[in-house]
Every structure is written in structure tokens, then in C-alpha cells.
Amino acid sequence: MAVFDTPQEAFGALRPVCVQLTKAQTTDNVERLHLQLQAVSDSALQELQEYVLFPLRFALKTPGPKREGVVQSVLECLTFVLSATCVKKTDLLQELFSELCLCLASPSSPNQLAPLPEELKQAVLRALLALLHSTYWDVLLTLYQPSALPHLGFAVSLLLALAEQEKARAVQISALCCLQALLLQCDCPEDHRPLAGEERRRLGDLFASFLPGISTALSRIITGDVKQGHGVVVSATRVFSRALSLVMADKQLEQVPPKRKKPASVPGSRISELLVHRGPDWANSTAAKLSILIRKVVDWVSAHPHWKARKELVEMSSLLLTECSRSLAGSAGQFVKALVGLVNDESPEVQSRSNEALRSLAARGAIAEDRHLADVLSEELHSLTTALPRFMSSRDDQGKLATLNLLVGYLKLLGPKMNVVLRSTSHLQRLSKALMQVLELDMKDIKIVEERRWWGPEGSRELSGRLMEHRHEGSSPRKCFRFFTEDRIFFLLRQVGQILGYYGDLYLLVDHFMELYRESAVYRTQAAMVVNELVAGAAGLNVDVLHERETVPSKEELKGVVASVLEEYTDPANWHLVTSIEGGDLDAEPNMKYSGLLAVPPEASHQLPPPLNLRPPVHSMSGNIWQICIQLEGIGRFALALEKDFRELLISVLYPVLEKAGDGTLLVSQAAMGTVGDICQACGYYSASDLICQNADYLVDRISLHLCRLTHELHAAQVLEAMLRHSDANVLPLVEDVIQDVLAALDRGHRDRTPLFLGVMHVLLTMLASWFASGHQTEGTLEQNGSRLPGEAGPQERRPAVMPTVEEMEAFFRDYVRQKQIAEGDLLEDENEETEEPQPALESASNDPSLEMETPLPAHAQIAKEVMERCVHLLSDQSLRVRLKVLDVLELCLMVLHPHQNHLLPLAHRTWPALATRLTNDDPLAVLRAFRVLCTLGVGSGDFLRRRFSKDVLPKLAGSLVSQAPVSSRAGPIYSHTVAFKLQLAVLQGLGSLCQALDLDESDLHQVANACLPYLSAKQPAKLQAASRSVFLHLMQLDPDTLWLFLSEVWCPRAYEPPHPSLRPVRLSGAGKKRNEFTDNVQRLLDELP
């Protein structure tokens, strides 16, 4: 199709179509015109604009009913013309504006909407929007003259009615877009000339007349049915904010004279009556009425489910705080509330825009310069802190987060003005009491009281070695609060304390909260939490703020505050609190005799329970634990705040912190080690070991001093334990003297203090074993080897079968004859003396004290020797608790002294009688520990222990295993939780490796095999079967032939035919037997034979 570039050509092409449309207003004629217009250039169409618009306007103005399809086609064609041309005449603009508005109005009642279809309404709105965009700026401004006020009012009312009453979302949004364009606040991508000052004032004066209707209608739309969709809410909120910023702008209202000027003579005096004078009285009255609508809009949109609606609320709040902060001062709190409440919105877009708006507000100094806004914020802060406990106890987690976001935002916005607010006693009291109530901990959890610390050598070494990599925020114990469970809520509460410390008067705040700390135990933990955050905030540790503070506290000021708080924290009344009651007193042990290794006294079930001790309630101990943990966390925060300057306070802090690192309560010891890590990081120590070694002289001096005082012995022991656990071998020379003091205290014989000092000895020997005896095979490794299943790798790899040589067979039979003679006692006298000769030599060697002086012992072995000498005397103590601790310490002593046999064997000889008693006639718990000691002693001391074990222990051990086998075979699943089962399991797991280490003779091996055979039954618990198999696997390494014969007597899978007729057939009693309960386990063992 040809394009008509000149007006003449275009006129020739358009004239017939326009004439035809003027004569007959049909859809075909309109479409023909529309199609022809597309072939006309924009410049030619501009020249023929009025000519082309005439038939279209004529079709709209024709009296009588019109077909909807024709009207819609006419409007679409009109929109095309307006989009391609510019309106340059005022009359044309006003006429088109009125005609398009009349299309929406009902002919019978112009103030109401006509019942038009959705498509037709949309066409009218598009045409109206095209008209406003295509009009020249100076021509468009003529529409905003006082004389045009009725036309504007008519259009505004129609658009508002359409946006509120229409059900179609697209029509609603288009109507709101038209209304926004009518306000000259359009957001379309086309460039629009910004309004000048006088132009804005004129528009403000005109739309002030419509503001009540616009704001009321839009608030109804915004808070309408949520099903209308977020697009309508976004558009309505945008128009609402633009209308308010246009009419209530501070700059305009400041220029309005107090009294109304006399209006110029305008035809029709009623128009002048419609104009509003935006004086102070009108502004105050309107602001008061708008505040109701604003509160309603903010509350509704802030909870809207769609993020775009919430983001538009942020835009509205930012715009009105910028343009109308004084005129809408009564609503400033609502705008701030909206911005602050959406800072932590789930949508990143809303979060970033809220943060940006708040930072922009702070950068302009709006709070600092606007005293009224600061007063509004302080009042909002007061009311919020008053209601905070109620909100935190009644709202859900989302409501609590929103409330705390408001509190944090108010404090951030106040910034340096916070000092003025907090000097008000009412504000400070409300805020502090609200924090005390909200931060209340839940003290009902019994687990933190029950959880006890356990340290193995590897665990302590690993922690000490990794302190420089340790946590910062996340690894402190997770606190359980009464009114909330969400971690984000606690994070916001911490932010409150940090912001207060950053902007507030540190001395005033710390004094106030420390007064609450002293005032009541109810507030102590909460006040300590707040004080910790105040100091961290004052030091600027990761504080998120909007303003920079005016003055920064010096290190000396911080140090003075920290020193006073530390003095209060470490006061004995606040530091030495009851955190646990150790398990029942075992000293009052009933005087009873035990008949064997596995014997459980039958009278035990009939014993009366021990008398109940008076102890503090669980919630009190739980509160004490949390108080100590929070105080420890505070010390760590103070160290990070002062950095290197904290070294000056270290002498008063390190001893109490290490005391809590040695506490038996798990939570307290973990918190203390976290504090040690913070101190290392702040003061420049490489690790906890480095920290302890460099301050060991001061620590050792205080430990020695406190060991002389009965009331301080417990704390001194805890510090020494912590020093040993979290150091390396370099600390041993530094603590030798204090170890001698502990041994001296143990010798003094305070019976009630014996378990305490034995605990220190246990830690000492544990660390010595980890430092100096790492290559020694402990009982744990023995137990591991003994409990391997047959399918796994055995004690030795399975050897391939190799045929023996003639010489080997001859030597075997000679040895067999000799062993048989020994068993029958048929030996010559000189041979007998020869076989018995080594034993006296061993006895003499073990009893000869001169051998002890052959080689001087290293320091760690000398300590172990001195400790073991004390254990010899304490093994027979009447307290079961003491005996158990002594056995644990004795086991560690054996590990440390293992390389020094000349010193170990005499001590073992002295220890054996008491140890044998523990093995054969004691409580099952003591028997279990004693057997572990026996297994440890057997490693490397086989010659010394062989005869004693065979004579004193093995018979009773085997008898006990045999007697308990029927019990375990009939027991149910609950039996695996009993002491008897654990003792059976421990004996079976360690017996095989012990027999192998002692190299027992054939008769003893036969006794062990007979005792363990019942546990190969399929009726036994699976763990006992596996442990029994492990015993046989170890015995196979000693005498595989004897074990083969023994097992074949129980079950023989096949008959053995002699290789030569001259040999008699081998008849094994296990051959030909039917499958029984032993078959599977015996078969597995036979398969494992080399």
C-alpha cells in the first residue's frame, strides 16, 4: 500500500472515506477509515487532524442510541489519530476531553457510570490517555484553569467510580493510570516536562478541592477485596501518594498566604466557591483527616501478600516523608513504621528499597533537623516499648519479627538523637523493662543440667589446636527463650543492644542495666545479655547503623567500663553458683560381699533408697548455668572490643574463665572455651596452649595459694584440669610444683576431697598418655581387635596352607611328647628345676629395688609412678566411687609407665593383691574397670602376669562366664542394658587378646575355650556371640591345632579318611552330629583356621 506523504495526497485519499462515515456511522466505514489512516504519514495526518477527527467526533455526538461496536471502533480510530498527532488547540482539547468523558457517563444521569461493556470502557480510557499524552504542554495547562474545574471534577469522579466499581482488573488499572496522568504524574516511558514551581502550585490549588474524594475513594480501593489482585492495589497506592504529595507538599504550603486573596472576576461565582485556600487551618484539618486514611492504608498494604504492593508502600512512604514531612507530621510515624517494618521483608526487592529509603532519609538529616519528626519517633518508641511484652507474648513469630523490626528501625533513625530520648527516665525505664521481659529465658529444660562434660585427649587437643578458626557468632550455646523460639528474633534483640551502645551514653546505659543486674536475680541474665551487647555496640563490632555517631568512646573509656562490669561478673556471689548436684553419694555403700566376677547382689533390689539430699530446684540450677554462660560470652565480647588492650585485664579474668572451662557442666565448659578462643583472637595468642603457657606463672601461683584453703580447693582443681586439658607437653615443667601440691593434698587424707583430687590425677594422666604414650596399645585397641567379626580381617592375615617338612614334623612330635610329660608330671628333677628357675628370677627382679635406680625416669614417668603409688593404697577404699576413679587412673598410669618396665613391674607387684580382689570380689562396675586395667597390664607384662592370672583370676573368671551363660541365653532384648551383660561383653572382648599377650599354656587355653564355648550358641545375644568368636580367633594364633581339635569335637562338618590303610581312622565326636545351636559359629571359626 502506498504511503501518502503530502497533505494533498492524503486529503484525496481520506476525503471519500470521511464523507462516507459522516453519512453512515457503521463499523465497516470506521474500519475503512482506520485502514486508510495507516497509509498516511504522521506529518500529513497532523495537517489533516481536525478534518479526520470531525467524522469520528460526529459519530460520538450523534443523538440517540448508538451501537456499541461502532462506538468502540470510533474510539480505537480516534486513539490512533491522537497517538500519531499532537493537539495544538485549546478548544479541541477541551471538546475532546468532554466528549470522551461523556462516553463513560450515563445519558440519563451524568454523575453515574453508563452500563457499558468492558471493551468499550477500555477503549474510552485508552483514548483519554492518548489525548493527555498528545497535547502540547502549554495547551494542556489550560485544562488546569479555575474555569475548567467542573470538567476536571467530572473526569475525576468518573475515573474514581470506574476504578472502584468495575470488576475487570484491566479496566480498574487503566482508570487509575488515567487519573495519574490527569494529575500530571504519569509514569509512562515517554519523556514529560517536569512541573515548574508555579505550575505545581496551580495544580495543587485545583486538586485540593478533589483531595477528600480522591483519598477516600482510593483508600477504599486499596483496602478492598484482596481478590482484586495486586496490580490494582499498586496503581491505587501510587495515585494516592502522588495526589497527597501534589496537594500537601511542604514547599507549596509554606508559600500559601495566611489569608485568601480576593478571587478575580470569573463568570459564574460558584467556581470561585469550589476553590480551596490551602492555609494553615485547612492544612491542619486535612492532615488530621488524612492520618486516619494513611494509617488504614499502611496497615493493610504492609501485610499484603504480594511483594510489589509492599514495595509500592515503601515508595509512598519515602515520597511523603520527603515532600510532606511537616504537613503530614502526624502520619510520619506511620510512614517510618512502614519503612522500618519492611527492612527485613522476605522479598529482596522490598528489603533493598526499604534500606535505600531509610539511608536516604538519614543522609538528609531529616531526623536531626526536624524536631517534630524526632518527637514523633520518640513517642512511637515509647508506645512500642510499652506494648512490646504484650506483643511478644501474644503474636506469632512473624508478628514478633515485625514488632522488633520497628523497634530497631526507630532506634536507627533516631541515631544521635537517642541520647536526648534516653535521658528521659520514662523512656529508659520502659525500654529496659521491656527488654528484661522479652529476653527472659526458659528455665524448665532439664537437659542442660543433666549434660555433663566428657573430654578425651583427642577432643581437647583438637579444640585447643583449632581455636584460631573457631566461631564468632554462631557457636555460642543456643538459648531457649520463654516468649520466642526464632533465632532471627534474638538477632534483632541483640541489634537493639548494639545500637543503644553505639549511639547512647555508655556510662548511663551500663550503670542502669547493671543496677537491674544487682536489683533482682530475675533480671540478672537479661541484664547481662544487654550489657554485653552495649559494650560490643560501643566498640563498633559489626553494628548496622544509618548515621555515624558524633563521638566515639576511647579505648580507655571502654576499658574502664569493662573493668567495672568484669568485677561484678567475677564476684563470687555471681560466679560460684550451683550448677549441678553430682550423682548419689556412693560413700555410704552397704557392707556386702560379692560372690564372683559377674555376681549381682540379690539384696540390691530390696535395699532402701538413700536419703534424699536437699538440692536447689532444676530451674534454679538451669538459671545459674545460663547466667554463667552469658557472663562468659560477655567476657569474650569485651576481649574482642578491647583487642590488645584486654591484656591488661587478663590477670583478673583468665583464672575464673579457666575455672569454668574445667566445670563439669557441658554448657558452661563449652561457653568458657569459646571465651578462651575470643581472648586468643583479641590478644594475639596463637592457641589456648599458648595463652596458658605464657600466663602459667600467675595461674600456678593462684592454684597453689587456693589449694591451701579448703573452700577454694574445688576451683583450684578445675583450673588445673583446664590448664592440662587445653595445653601441650610444654606446660608440664611449669605445673610440676603444683602437681606435687595436689599429691600432698591427697596424702593429707581429706576423705571427702579424695574424688576431687583423683579427678585431677585422671586428667593429668590422660594428657600424659596422649603426649608421651601415643604408641602404646590401650585397652580400647585391645577391645577393638577382640571384637572383630570373623568375616573381617583377623588378628593376623590368613596364611596359605603349606605342607610341613620331615624335620618340622619330627620337632612337632618331640615337643608334643615333652608337653605331655610336663602335663603328667613325668619330668626329671633337673628339668623341673630348670623350668621353674626363671620365675624366682622374675620375682627377684620385680622385688629388687636396686634395679629402679639403673635409669633415671623422665619427668612424666616419675609423676605417673608417684600417682600409681597412691593408687595402691586407695584401691581398697570403702567408697565405690573412689575405687572406680582409682581404677581409671591406674589404667592410665600403666600406659604411661609401659616403656619403663623396671619401674612398672615392682609397682604392679604391689598393686596385684588389691587388683585381684577388685576382679574377684567387688561390685560389677568395679569388676568391669578392673578387667580393663588387667588388659592394659597384660600388654608387655606377660611374663610377670601369666602365673598370677592363671592362679588368681582365670578360674573365677571362667566359672563366672559359665554360670552367666544360661542367664544371657534366656534373656530378652532388655538384658543388653544391664551391668551383667556389659561385664560379660567386656570380658569376652578383652579375654582373647589378654590370653594372646600372656601366652597361656595349653591347659589354661582349654579352660578359656570351655568357658567361652556356651557363648557360641545361637541363643546368645549377637554381640556376645561375636565377642566369643573373637576369643577363639585369638586362641587360634596361640595353638591352632588344639583349637581345631576342640571345635571339631563340638561340630565336625565332614569325616576324615586316613591317607594309608596302616593308619587308624580318626574318630571325632563332632562328626555325624545333627546341626545344633553351635553349628554356625563353629563352622565360621573352622573356616578361619590357617
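Helix axes are taken here as lines fitted to C-alpha atoms over the stretch in contact, and angles run from 0 to 180 degrees between N-to-C directions. With that in hand, a pair of helices makes a good starting point. Helix 48 (residues 942-970) and helix 49 (residues 979-998) pack at an angle of about 145°, their axes lying 11 Å apart. Helices are DSSP runs of H or I with at least four residues, strands are runs of E with at least two, and both are numbered from the N terminus. The two helices cross in a left-handed manner, meaning that the near helix is turned anticlockwise from the far one by less than a right angle, whereas clockwise would be right-handed. Among the residues making this contact (heavy atoms within 4.5 Å) are G942, L945 and F949 of helix 48 and A980, Q984 and V987 of helix 49.

The model is a predicted one, in which local features need pLDDT of at least 70, side-chain atom pairs count only at pLDDT 80 or more, and totals for chains, interfaces and linings use all residues. Residues are numbered from 1 along each chain as its sequence is written, and side-chain values use heavy atoms, leaving out hydrogens and water. Mean pLDDT, the predictor's confidence in each residue on a scale from 0 to 100, is 82 for the protein, with 86% of residues at 70 or more. Residues 583-613 fall below 50, and this stretch has 36 contacts in the model beyond near neighbours in sequence. Residues 775-802 are also below 50, with 47 such contacts.

Turning to the whole protein, the model holds 53 helices and zero strands. Of its 1090 residues, 52% count as buried, that is, under 20% relative accessible area with a 1.4 Å probe and protein chains only; exposed means over 50%, and partly exposed lies in between. Among contacts with a separation of 6 or more, 78% join residues 24 or more positions apart.

Two further helices show how length and burial can be read. The 25 residues of helix 32 (residues 618-642) should span 36 Å at 1.5 Å a residue, and the end C-alpha atoms are indeed 36 Å apart; the expected span is 1.5 Å times one less than the number of residues. In helix 32, 22 of the 25 residues are buried, and E643, with a positive phi near 55°, follows the helix. Helix 9 (residues 149-165) has 17 residues and reaches 24 Å between its first and last C-alpha, close to the 24 Å expected. Its buried residues include L149, L152, G153 and A155.

Finally, E199 lies in helix 11 (residues 197-208). E199 counts as buried because its relative accessibility is 9%. Leaving aside neighbours within four places in sequence, E199 is in contact with W137, L141, R193 and P194.
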